[in-house]
Amino acid sequence: MTNGITDFENIPDSEPDEHGLIECPLLPLRDLVVFPGVVTSIPLKHKLALAAVQHGLTKQRTVIAISQSTIEGELYKIGTEIALGRLIRDVQEGRSVLVQGRRRVELIEIIKTEPFMVGKARPIDEPTEINDDLQPLIQNISDLLKRAADLNIALTDDVLDYILGTSDPGLLADMVASTLNAPFEDRQQLLENRDVEQRLRQVAYLLNQELNVLELRDEINIQVQQEIDRSQRENYLREQMRVIQTELGETDIFQQEYNEVRDQIFKAHLPADIHEKAMKELSRLMLMPPMAPEVGIIRTYIDWLAGLPWKKASDDNLDITHAQKVLDEAHYGLPKVKDRILEYIAVRKLAPTKMKSPILCFVGPPGVGKTSLGRSIAKALGREFVRVSLGGVRDEAEIRGHRRTYIGALPGRVIQTMRRAGTVNPVFMLDEIDKLGMDFRGDPSSALLEVLDPEQNNTFSDHYLEVPFDLSKVLFITTANDLDPLPPALLDRLEIIEFSSYTEEEKLAITRRFLLPSQLEAHGLENTKISFEKRALQAIIREYTYEAGVRNLNREIANICRKLARLLAEDKPLPPRILPSKLIDYLGPPVFTQKRLHKDDAIGLVTGLVWTYDGGDITLIEVSIMPGKGTLLMTGQLGEVMQESAQTALSYLRARAGDFDIPGDDFENYDVHIHLPEGAVPKEGPSAGITLATAIISAFTERKARSEYAMTGEITLHGKVLPVGGVKEKVLAARRAGIRKVILPSENKKDLVDVPKEALDDLNIFFVSDMQQVIDRVLLAPPPEGRKRDLERQDEEKDEKEEKSEKGDKTDTKTK
């Protein structure tokens, strides 16, 4: 040290020890922040500070300048390692020292306090290269700084050129920060910010604020100067105050909006953590320029936070009698579903805080009342009802929402629907859950796993909200036509309640109690004395509709009511009763003919029972045998599984060919053609196994199959009959077609509990466990004269012998 002057370049940075820490004297600062790369002076008003500086100058070493909190007086964790220059003595200000900031450090511990403070700190490394992402931000800061230099006389051209000439982005942020007239807290926050990009953004924000102040001050000065030209000096101060008030404005529309947002947050009575989040976002909103792009994003976000029902809940009506009455008034039958809802109400009544809401899944064909039952459940419980259709949804963000970084981001459908419900415990229906799709945007069914899991949905996280939302009080009801498309993980979370197709008796009762009164009222016919005969309703059900539910039945009744309403509007006489013979005038010719496919016993012709989305149906299986090369031909749009069932049935027959007196070469010399009519309709499944086997055996043995039987069941290679699904629908289809004898697998006997008693009384059901039982019951005895193919083969052999004999006689004659 010479004459108290130290060259900054000669003072090296402190060397870290094996733990990466440096040990230096501490220079506590008050309301002052020293940034790396900046040369400034520090007043020395405390003996500890003076002692630390004198030690540093003597030892030619760096010290750590670190600020003290203005409230508690404690040292911040982040400071700056500085190199000391010369001491400056001022009569008024006292002593100060010229310093140069070197690098950021994190204070780890204080190891000494007398005669000056000494601490250990860890240097903080920062990137020094400018990447492409930072270039626009640096350019923006440069433009703002140039504009500020034009308005700030303290920022000279030399300083401006020096700052703009640096290639280190972190150093640029620190040097610009040192020129700002920002509050101490903002400057300390800049020093503590280790992310260079965030620091540059914060500097740009503060610089923009200061530029606004400078421009406003310059504008005020211009306005005041104009007033001075025509006023006295006394008017100067008054005019200056007036201009300032005009610019700030007591009736500032932006401040008014901030106040409205604050009131909205407090009126929402948010949970403590959500309230804190909303107030933090409001603080960010107030710090931003009113026309900044993020203002609208933050404003919308706060609206969503304040608009959601975090605590508001409906009071459950736990009167079981009332719930039973509501469900019975709106829906006919469906005992299983109603019992499940009443059980839920009973448990809620006895243990309201212990039971978690169930996740129900209504599965059944279209038109059986799945969606409308959800509304009735909400009405019975006294809750709000909301519904979301998931058909065709392919984007995971539809469920979880988009992150706020995207333009136009919004919460997912779950949160949107909860806001529409207005309560935290609605009945929430997720309709058509089996119609969910999946593509490159994600799998929505996987996103539903959290929503539909009672163990997780109390902290459901939407990508847009980024705060947990409680869905545990929601009664979720999902609907589906088929469970096959659902992933196993999602299916495991659902409590399955099956809706079967309606019987004809149930459709008649529903028509009488619900459909007819509703349609007559909707068409202004409620005061007329029009009645529908039972036979007419039966004809509509059988000949004009073909469905598991009653949706098309309701449509056809509405069609008749429209024509009656026209007659009434034209003052024409109305028929007192709707008769079956008049249906053709209202609805046209019958659309569906009753399926009784054959009345006579026939070879290779057997009736099977199938399940469809519209309920059950009967189908005819035809098998023909023709000369060929042993080819198996299948037509009628048979699916892969059904084709395998046909191959299994044929293999079963070939294995038992001797039992049926079928020559082995028949399978090599004859082709088998299997056909199922209605070729435009795809057919699939293993349940036609015994029907296919019966038809094939009938064709090969030429034993006629009894036409009064219909059957269903899967077959194995050893002739075992396995259980199948859709038993109720298949049995009802046989009854509807007029078939009275039905063959079912023995293991399906338990499924008859769901079949109405009146249907069982009309049917004779035979249970089988082996294919031989089916053959014994359905196939007639072989023809007494033998199989036609055997007779034809014998005739051919006889003709061949005679032909050979004639040739032999001719040869002998020639020889003689």
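Two strands pair if DSSP finds at least two bridges between them. Keep that rule in mind, everyone, and thanks for coming. What you have in front of you is a predicted model, in which local features need pLDDT of at least 70 and side-chain atom pairs count only at pLDDT 80 or more, while totals for chains, interfaces and linings use all residues. Residues are numbered from 1 along each chain as its sequence is written, and side-chain values use heavy atoms, with hydrogens and water left out.

One more bit of vocabulary: helices (H or I, at least four residues) and strands (E, at least two) are DSSP runs, numbered from the N terminus.

Let's put the pairing rule to work. Strand S20 (residues 709-711) and strand S23 (residues 741-745) run parallel and are joined by 3 bridges. Which residue of S23 is the bridge partner of methionine 711? That would be isoleucine 743.

Both strands belong to an open sheet of 7 strands, ordered S18-S19-S17-S16-S20-S23-S24, with mixed pairing. At its edges you find strand S18 (632-635) and strand S24 (764-768), each pairing on one side only. On average, neighbouring strands here are turned by 30° against each other, direction ignored. For angles like this, axes are lines fitted to C-alpha atoms, for helices over the stretch in contact, and angles run from 0 to 180 degrees between N-to-C directions. Helix H25 (residues 727-736) packs on this sheet and touches strand S16 (605-612), strand S17 (615-627), S23 and S24; contact means heavy atoms within 4.5 Å. The direction of H25 makes about 75° with that of S17.

Now to another sheet. This open one has 5 strands in the order S8-S9-S12-S7-S13, and the pairing is parallel. Why is one side of strand S8 (385-389) and of strand S13 (495-498) left without a neighbour in the sheet? Because these two stand at the edges, each with a single partner strand. The average turn between neighbouring strands of this sheet is 25°, direction ignored. Further in, strand S7 (residues 359-363) and strand S12 (residues 475-480) run parallel and share 5 bridges, and cysteine 361 stands opposite threonine 478 in S12. Helix H13 (residues 370-381) packs on the sheet, touching S7, S8, strand S9 (427-431) and S12, and its direction makes about 175° with that of S9.

Next, empty space. Rolling a probe the size of a water molecule over the atoms shows where empty space is left. A cavity, on a 1 Å grid over the protein atoms alone, is a set of points where a 1.4 Å probe fits but cannot get out, and lining residues have an atom within 4 Å of a point. Grid points are joined across faces, edges and corners, and a volume is the space filled by probe spheres set on the points. How many cavities of 30 Å³ or more does that give? The count is 2. The largest holds about 50 Å³ of space. Its lining includes Leu145, Asn152, Thr179 and Glu210. Helix H2 (135-151) and helix H6 (196-228) are the elements that give two or more residues to that lining, and H6 has the largest share, with 3 residues. The second largest cavity has a volume of about 40 Å³, and among its lining residues are Lys356, Pro454 and Phe476.

Last stop: two backbone details. Most residues other than glycine have a negative phi, and most peptide bonds are trans. Look first at glutamate 114 and proline 115, which are joined by a cis peptide bond with omega of about -5°. Proline 115 sits in the loop between strand S5 (94-112) and strand S6 (118-123). Then find glutamine 60, a residue other than glycine with a positive phi near 55°, in the loop between helix H1 (47-59) and S3.

That's my tour, so go and find these spots in the structure!

Note on methods: 1 Å grid on protein atoms, 1.4 Å probe; cavity = no way out; pocket = protein on both sides within 12 Å on 5 of 7 lines; lining within 4 Å.
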